[in-house]
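Student: I would like a close look at one part of this model. Please take it step by step and keep the sentences short.

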Amino acid sequence: MPYPSPPRIPSGPRVRRRTLLASAAGAALLAGCTSGADSGGDDPSGTERARAQAAADSATLLGRYDAVLKAFPDLAERLRPLRTEVAAHAAAFREGTTPTATPSGSPSPSASRSPVPVPATAKDALASLAAAERALADRRAKALLDVPGESARLLAATAAAGAAHAYLLTTGAAK
């Protein structure tokens, strides 16, 4: 008796999207397996500095989105949902930190930063945002190893979201 053939696995963007989401879920689960809570032997001020840095990074990324939206208003429908998530990430990282907490040697999130120039074309602007999202996701994935519990989970979740944003910005699937 012949064995049934294995089910055909679809190829293309659908598989990559599933793989990306599965990887993001796996990263969040792995982060959940860290120390369990934000207490214990870890340095609470180090955790607070990491959260303040993450909030500042999200605020900088939010500024990039705003600059692109100002330069290319026709991208608003595509970028607004991603921008909203970045704003929520900044708020989540600010929650639980003191207003004076800033990473060592970094300006506060409210300090004036030199604006990043917006590329001349919408396609290049999207690529620039995708690169910024990818770089921030990578930094957060590395930083989550140095913080305990909830902060690690938040970093993992926002790193996964940033990777998804980068994917959506480069594929044209963001709506």
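Leaving aside its neighbours within four places in sequence, which residues is Ser128 in contact with? Please go on from there to the helix packing around it.

Tutor: Beyond its neighbours within four places in sequence, Ser128 is in contact with Arg64 and Pro119. Bear in mind that this is a predicted model. Ser128 sits in helix H4. Its C-alpha is 9.5 Å from that of Val68, and the two residues are 60 positions apart in sequence.

Now the setting. The chain has 5 helices and 0 strands. Along the sequence the pattern reads α-α-α-α-α. Of the 175 residues in the chain, 33% are buried. Among contacts with a separation of 6 or more, 81% join residues 24 or more positions apart.

Stay with H4, which covers 122-143, and turn to its packing on H5. The axes of H4 and H5 come within 8 Å and cross at roughly 160°. An angle over 145 degrees counts as roughly antiparallel, so H4 and H5 are roughly antiparallel to each other. H4 passes H5 in a left-handed crossing. On the H4 side, the contact uses Leu126, Leu129, Ala130, Glu133, Arg134, Ala137, Arg140, Ala141 and Ala143. On the H5 side, these meet Leu155, Thr158, Ala159, Gly162, Ala163, His165, Ala166, Leu169 and Thr170. By class, the contact of H4 with H5 has 11 nonpolar, 4 polar and 3 charged residues.

H4 also packs on H3. Here the angle is about 30°, and the axes are 13 Å apart. Under 35 degrees counts as roughly parallel, so H3 and H4 are roughly parallel to each other. The crossing of H3 and H4 is left-handed. H3 brings Arg78, Leu79, Val86, His89 and Phe93 to this contact. H4 brings Leu126, Leu129, Glu133 and Arg140. The residues of the contact of H3 with H4 divide into 5 nonpolar, 1 polar and 3 charged.

The remaining pair here is H3 with H5. H3 spans residues 76-94, and H5 spans residues 149-171. Their axes come within 11 Å and cross at roughly 165°. H3 and H5 are therefore roughly antiparallel to each other. H3 passes H5 in a left-handed crossing. From H3, the contact takes Arg78, Leu79, Leu82, Glu85, Val86, His89, Ala92 and Phe93. From H5, it takes Leu154, Leu155, Thr158, Ala161, His165, Leu168, Leu169 and Thr171. The residues of the contact of H3 with H5 divide into 10 nonpolar, 4 polar and 2 charged.

H3 deserves a look of its own. H3 has 19 residues. From first C-alpha to last, H3 reaches 26 Å, close to the 27 Å expected at 1.5 Å a residue. Its buried residues are Ala76, Arg78, Leu79, Leu82, Val86, His89, Ala90 and Phe93. An α-helix has 3.6 residues a turn, so residues three or four places apart point the same way. Leu79, Leu82, Val86, His89 and Phe93 are among the buried residues of H3. These five also belong to the contact of H3 with H5.

Next, H2. Ala54 lies in helix H2. Ala54 has a relative accessible area of 3%. The cut-off for buried is under 20%, so Ala54 is buried. Leaving aside neighbours within four places in sequence, Ala54 is in contact with Phe93, Arg140 and Leu155. Phe93 and Arg140 take part in the contact of H3 with H4. Leu155 is one of the H5 residues that meet H4. Ala54 and His89 are 35 residues apart in sequence, with their C-alpha atoms 8.6 Å apart.

Ala50 lies in H2 as well, which runs over residues 44-71. Ala50 is partly exposed, with a relative accessible area of 22%. Its C-alpha lies 8.7 Å from that of Asp146, across 96 residues of sequence.

That leads to the loop between H4 and H5, where Asp146 is found. At 64% relative accessibility, Asp146 counts as exposed. Asp146 is also 8.6 Å from Gly46, C-alpha to C-alpha, with their positions 100 residues apart in sequence.

To recap the angles: H4 and H5 are roughly antiparallel, H3 and H5 are roughly antiparallel, and H3 and H4 are roughly parallel.

Technical notes. Residues are numbered from 1 along each chain as its sequence is written. This is a predicted model: local features need pLDDT of at least 70, side-chain atom pairs count only at pLDDT 80 or more; totals for chains, interfaces and linings use all residues. Side-chain values use heavy atoms; hydrogens and water are left out. Axes are lines fitted to C-alpha atoms, for helices over the stretch in contact, and angles run from 0 to 180 degrees between N-to-C directions. Helices (H or I, at least four residues) and strands (E, at least two) are DSSP runs, numbered from the N terminus. Angles under 35 degrees count as roughly parallel, over 145 as roughly antiparallel, 65 to 115 as roughly perpendicular and the rest as oblique. A crossing is left-handed if the near helix is turned anticlockwise from the far one by less than a right angle, and right-handed if clockwise. Contact means heavy atoms within 4.5 Å. Ala, Val, Leu, Ile, Met, Phe, Trp, Tyr, Cys and Pro count as nonpolar, Asp, Glu, Lys and Arg as charged, and the others, Gly among them, as polar. The expected span of a helix is 1.5 Å times one less than its number of residues. Buried means under 20% relative accessible area, exposed over 50%, partly exposed in between (1.4 Å probe, protein chains only).
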